[in-house]
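Student: Could we go through this model by question and answer, beginning with a single residue and then moving on to the ligand and the loop?

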Amino acid sequence: MSKIKCTVLECAYNKNVMCHAPMIQVNHNGVKHSSGSRETQCETFKPKGL
Ligand code: SF4
């Protein structure tokens, strides 16, 4: 898998500002067609400690 840098440190898959999930899913964020990165979101996010 590609290296994914991620600053969401609250995610259980985040180690040293890098994503360590075996795969991630990214979806539209409340829109049908994204026109910028703000309109995407990581669905694989899992809060630490759960
Ligand atoms: S799963 Fe998503 S939110 Fe969590 S570290 Fe990876 S890219 Fe970031």
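Student: Is T44 buried or exposed?

Tutor: Since this is a predicted model, the answer rests on an accessibility computed from its coordinates. Residues under 20% relative accessible area are classed as buried, and T44 lies in the segment after β4. Because the relative accessibility of T44 is 18%, T44 counts as buried.

Student: Which backbone atom does the side chain of T44 reach?

Tutor: A polar contact requires a pair of N or O atoms within 3.5 Å. The side chain of T44 comes to 2.8 Å from its partner, which is the backbone nitrogen of Q25.

Student: Which space does the ligand take, and what is the volume of that space?

Tutor: The ligand is surrounded by residues that include T44, together with C6, C11, Y13, N14, C19, I24, C42 and F45. The space that the ligand takes is the largest pocket, and this pocket has a volume of about 280 Å³.

Student: How many charged residues are in the shell around the ligand, and how many are in the lining of the largest pocket?

Tutor: The two sets have to be kept apart, since the shell around the ligand has 7 nonpolar and 2 polar residues, whereas the lining of the largest pocket has 11 nonpolar and 5 polar residues. The count of charged residues is none for the shell, and for the lining it is 1.

Student: Which residues lie nearest the centre of the largest pocket, and which strand gives the largest share of its lining?

Tutor: The lining consists of 17 residues, and those nearest the centre of the pocket are C6, V8, I24, Q41 and C42. The largest share of this lining amounts to 3 residues, and it comes from the strand at residues 40–42, which is β4.

Student: What is the phi of N16, and what is the phi of V17?

Tutor: Most residues other than glycine have a negative phi. N16 and V17 are in the loop between β1 and β2, and neither N16 nor V17 is a glycine, yet each has a positive value. For N16 phi is about 55°, and for V17 it is near 65°.

Student: How are N16 and V17 classed by relative accessible area?

Tutor: The exposed class begins over 50%, and the buried class is under 20%, with partly exposed in between. N16 has a relative accessible area of 76% and is therefore exposed, while V17, at 29%, is partly exposed.

How values were computed. Residues are numbered from 1 along each chain as its sequence is written. This is a predicted model: local features need pLDDT of at least 70, side-chain atom pairs count only at pLDDT 80 or more; totals for chains, interfaces and linings use all residues. Side-chain values use heavy atoms; hydrogens and water are left out. On a 1 Å grid over the protein atoms alone, a cavity is a set of points where a 1.4 Å probe fits but cannot get out, and a pocket is an open set with protein on both sides within 12 Å along at least five of seven lines; lining residues have an atom within 4 Å of a point. Grid points are joined across faces, edges and corners, and a volume is the space filled by probe spheres set on the points. Helices (H or I, at least four residues) and strands (E, at least two) are DSSP runs, numbered from the N terminus. Ala, Val, Leu, Ile, Met, Phe, Trp, Tyr, Cys and Pro count as nonpolar, Asp, Glu, Lys and Arg as charged, and the others, Gly among them, as polar. A residue is near a molecule or strand if one of its heavy atoms lies within 4 Å of it. A molecule sits in a cavity or pocket if more than half of its atoms lie within 2 Å of its grid points. Buried means under 20% relative accessible area, exposed over 50%, partly exposed in between (1.4 Å probe, protein chains only). A polar contact is a pair of N or O atoms within 3.5 Å; within protein, one must be able to donate a hydrogen and the other to accept it, and residues adjacent in sequence count only if both atoms are side-chain atoms.
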